[in-house]
Amino acid sequence: VWIGVAAVLLGMENVRLLMGEAAPPERRAELEAIANQVDGVRRAHSLRAHHRGSGIMVWVQVAVDPNLSVDRGHDIGEAVEELLGREVDVIDVVAHVDIE
């Protein structure tokens, strides 16, 4: 009986992760704060983070200075993706760059 109960509880926990449950609010806030550390980012916002298996997929909007060149804005977006991608639990990152 104990093995059966443990199997059901373990299965319930992992199904949520496999189905793309959102990361906890605290973790999303941490990831957003990391994105805001990148030089040139005026504001990272609208961050979404969902579990995909044991990792997290992240999508974030990054506001930059409207006077920057497209190349510079692109570089800032790539820097955000690289920095967030270094997090041990992050498996994929997409940074959408907007002007503010």
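**Note on a three-stranded sheet and its helices**

1. V60 stands opposite A95 in strand β3. This pair is a suitable place to begin reading the model, which is a predicted one. The strands β2 and β3 run parallel, and nine bridges join them. V60 returns below, in the account of the nonpolar core.

2. On the other side of the account stands the pairing of β1 with β2. Strand β1 covers residues 43-52 and strand β2 covers residues 55-64; the two pair in the antiparallel sense over eight bridges. Several positions along this pairing can be followed by eye. H45 stands opposite Q61 in β2, R48 has W59 of β2 as its bridge partner, and R52 has G55 of β2 as its bridge partner. The hairpin of β1 and β2 has two residues between the strands, and G53 takes a positive phi near 70° there.

3. How are the strands ordered in the sheet? The order is β1-β2-β3, in an open sheet of three strands with mixed pairing. Strands β1 and β3 (90-99) stand at the edges; each has a single partner strand, so one side of each is left without a neighbour in the sheet. From one strand to the next, the twist averages 15°. As for β2, this strand is mostly covered, since eight of its ten residues are buried.

4. Two residues of β1 deserve separate comment. S46 is found in strand β1, and its phi is near 55°, a positive value in a residue other than glycine. The student may set this against a general rule: most residues other than glycine have a negative phi. S46 is partly exposed, with a relative accessible area of 37%. H51 is also found in strand β1. Is H51 buried or exposed? At 16% relative accessibility, H51 counts as buried, because the cut-off for buried is under 20%. H51 and G20 are 31 residues apart in sequence, yet their C-alpha atoms are 4.7 Å apart in space.

5. The helices may now be placed against the sheet. Helix α2 (residues 25-36) lies across β1, β2 and β3, and runs at about 135° to β1. Helix α3 (residues 70-85) packs on the sheet and touches β2 and β3; its direction makes about 155° with that of β3.

6. The two helices also meet each other. Helices α2 and α3 pack at an angle of about 135°, and their axes are 9 Å apart. That angle makes α2 oblique to α3. The crossing in which α2 passes α3 is right-handed. Which residues of α2 meet V80, L83 and L84 in α3? They are L31, I34 and A35.

7. One charged residue in α2 should be examined as well. R27 has its place in helix α2 and is buried, with a relative accessible area of 13%. Apart from residues up to four places away in sequence, R27 touches I56, E87, D89 and V90.

8. The nonpolar core draws these elements together. The largest nonpolar core has 20 residues, and those with the most contacts inside it are V58, V60, V62, V80 and L84. Elements that give two or more residues to this core are α2, β1, β2, α3 and β3. Which element gives the most to this core? It is β2, with five residues. V80, one of the residues with the most contacts inside the core, is in contact with A35, V38, V41, V60, V62 and A95, leaving aside its neighbours within four places in sequence. V60 and A95 are the pair with which this note began: V60 stands opposite A95 in β3, and V80 is in contact with both V60 and A95.

Conventions. Residues numbered from 1 in each chain as written. Predicted model: local features only at pLDDT ≥ 70, side-chain atom pairs only at ≥ 80, totals over all residues. Heavy atoms only, no water. Pairing = 2+ DSSP bridges. Helix = DSSP H or I, 4+ residues; strand = E, 2+ residues; numbered from the N terminus. Buried < 20%, exposed > 50% of the residue type's maximum accessible area, 1.4 Å probe, protein only. Axes fitted to C-alpha atoms, helices over the stretch in contact; angles between N-to-C directions. Contact = heavy atoms within 4.5 Å. Core = buried A, V, L, I, M, F, W, Y, C linked by side-chain atoms within 4.5 Å. Parallel < 35°, antiparallel > 145°, perpendicular 65-115°, else oblique. Left-handed = near helix turned anticlockwise from the far one by under 90°.
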